[in-house]
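Biologist: I would like a close look at a single part of this protein. Please start from the cysteines and work outward.

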Amino acid sequence: MSRRLILVLLCFCFSAAATEQENQYEELYDQKLSDIEETTTEISHQQVEVDSNLTEPNTEDDSVEAEAGSGSEPQAELALPEPPKPIIPIVAGKTDQASASQTTEEPPQEETWGPLSLLNTELSPNSSATLDWYSGHLPGGFELATPVVVIHGKEPGPRVCITAAVHGDEVNGVEIARRVVKQLEPEQLKGTVISVPVVNIDGLFRKDRYMSDRRDLNRAFPGSPNSSTASRVAYSLFNSIIRHCDSLVDLHSGSMFRENLTQLRADLTIPEVSELANQFGAIPVLQSIAPSGSLRGAATAAGIPTVVMEVGGPYTVDEKQVDTGVKAVQSYLSSVNMLPRSFFWSSPQPVFYASQWLRARDGGILLNRVELGARVNKGQLLGTISNPITDDVEEVFSPFNAVVIGRAQNQVVSAGFAIFNLGERRTIEDLEQEGEQIKKQVAAQNAEQLGMAEGQAEQPAIDSEQQIEQTPAATEAAGPETTTEPSQNSANQEASVEEPAATSEAAPAEPATAVQPATDPAPVLEPIPEERMPQPEDEDG
């Protein structure tokens, strides 16, 4: 009995000790939990305050969540909240994020002016060289290198290309290219000048305008590697050299013993080409559309603004016009900041938006009576053509006020031979105004033919200025000569005023009074005949 009692007492003692120890553990555990909850609440409040200062979120929702978290019952495995992420400074080269951040924040660096790779040769800045271009067009399998002179400047800038002697009989451009390159120094040049002074080297040796296959190289661009000789040479030049250019100046001369005043041929309807043409000083600019297959047309279509400079005539060197051409090219290089010096011209740049070649009516011996660049009036004698057999003389007169921008040299000519190229100084504003005049006239004629009397009555009355603007277009139908006499102009004007009143019976009287002649009429703009409108270049140019 005593043993059982002792065992019961021992069990009771052990149970009491275990209960006391468990209570101690619970007190410690509760204390730790309360400390953890307080710490979590403080961290949550701090995070909310930081977020509210940075991004101003809805702090009311955050506080509700914090209170809900603090009042929850402790779990068996309590997951502690993540501490706020420290702000780690981004160090260049440590992570991809750091490099990306630096890439977006740093300003872009300027392009380094480095070497130029052309024709399997690499030229360092501030250097010059004469490279070899093999066009492969000589007959018999012979190879002859065509020289390409390259001036690679010390500082970055545009890349300008100059080509000459695309036609083998045009030597003025060869001399211009030589003089321009000779005066360039790499240490003073910003950018690069690439000059091909003799493109058609075979034609130059033969003193022939065309290629050895009797084709015009300037009608073969951009060329083909598997076609005619001219097409293969064009393909080689275009892809080996021209595609490396930012702009192109193609030097030419007159053909078939015709000579041109130093001038630019450019399609001024293209903004980039118009801007290019405006930087050559005071030499005339003739609006012309690039013919199909020309180097100018192919390069411009490839995004390389191009102008053709016409200088003098074939076979011979005209030093006076060559000097003007050299000065014009240097003016362009100076305008685009490739050269430090400036070139001044005594007169503004004339622009001819219309021109016309006059042709011989009969064959004979041509004798010129005017010089290149001369201003001529309508009816002025330009030259005579004498028949050597019958001694009949044909006199050639100017059909309008113009400037002689091209002419045939004294020679024996055939019927239809182009002898004088007359340029008419018109601005693009003049052409736009004339276009509006033609539109108005066509609209009035269509309305009259359709009998649209009511529609005419609904339109606003035509004022005197509009009626005067319609007069040149109406007189053009009677012939260009009728537009020059003031009395005939006024008669045509009165006829055009009275005719709508007769055809429109229902029209009120107001339009008739609204078209009375003004006391101070606006100047009448004579329309340009079709033969003087800008046309693609032909062999006569």
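How many disulfides does a search of the whole structure find?

Modeller: Keep in mind that this is a predicted model. A search of the whole structure finds 1 disulfide. The partners are Cys 161 and Cys 245, with their sulfur atoms 1.9 Å apart. That link joins distant parts of the chain, 84 residues apart. Cys 161 sits in strand β5, residues 155-164. Cys 245 lies in the loop between α6 and β7. The link is left-handed, with -90° about the S-S bond.

Next, are the two cysteines buried or exposed? Buried means under 20% relative accessible area. Cys 161 has 1% relative accessibility, so Cys 161 counts as buried. Cys 245 has 6%, so Cys 245 counts as buried too.

Now take the elements on either side of the Cys 245 loop. Helix α6 covers residues 229-240 and has 12 residues. From first C-alpha to last, α6 reaches 16 Å, close to the 16 Å expected at 1.5 Å a residue. Several α6 residues are buried: Ala 230, Ser 231, Val 233, Ala 234, Ser 236, Leu 237 and Phe 238. What do they pack against? The buried residues of α6 pack against β3 (127-133) and α8 (295-301).

On the other side of the loop is β7, residues 247-252. Strand β7 pairs with β10 in the parallel sense, over 5 bridges. Within this pairing, Leu 251 stands opposite Met 309 in β10. Strand β10 spans residues 306-312 and is mostly covered: 7 of its 7 residues are buried. Strand β8 (residues 258-266) also pairs with β10. Here the strands run antiparallel, joined by 4 bridges. One bridge partner pair is Asn 260 and Gly 312, the latter in β10. So much for the surroundings of the loop.

For contrast, turn to a sheet later in the chain. An open sheet of 4 strands has the order β16-β15-β13-β18, with antiparallel pairing. Its edge strands are β16 (393-397) and β18 (412-413), each pairing on one side only. Strand β13, residues 364-368, pairs with β18 in the antiparallel sense over 2 bridges. There, Ile 365 has Val 412 of β18 as its bridge partner.

To return to the starting point: the disulfide ties Cys 161 in β5 to Cys 245 in the loop between α6 and β7.

Key:
Residues numbered from 1 in each chain as written. Predicted model: local features only at pLDDT ≥ 70, side-chain atom pairs only at ≥ 80, totals over all residues. Heavy atoms only, no water. Pairing = 2+ DSSP bridges. Buried < 20%, exposed > 50% of the residue type's maximum accessible area, 1.4 Å probe, protein only. Expected span 1.5 Å × (residues − 1). Contact = heavy atoms within 4.5 Å. Disulfide = S-S within 2.5 Å.
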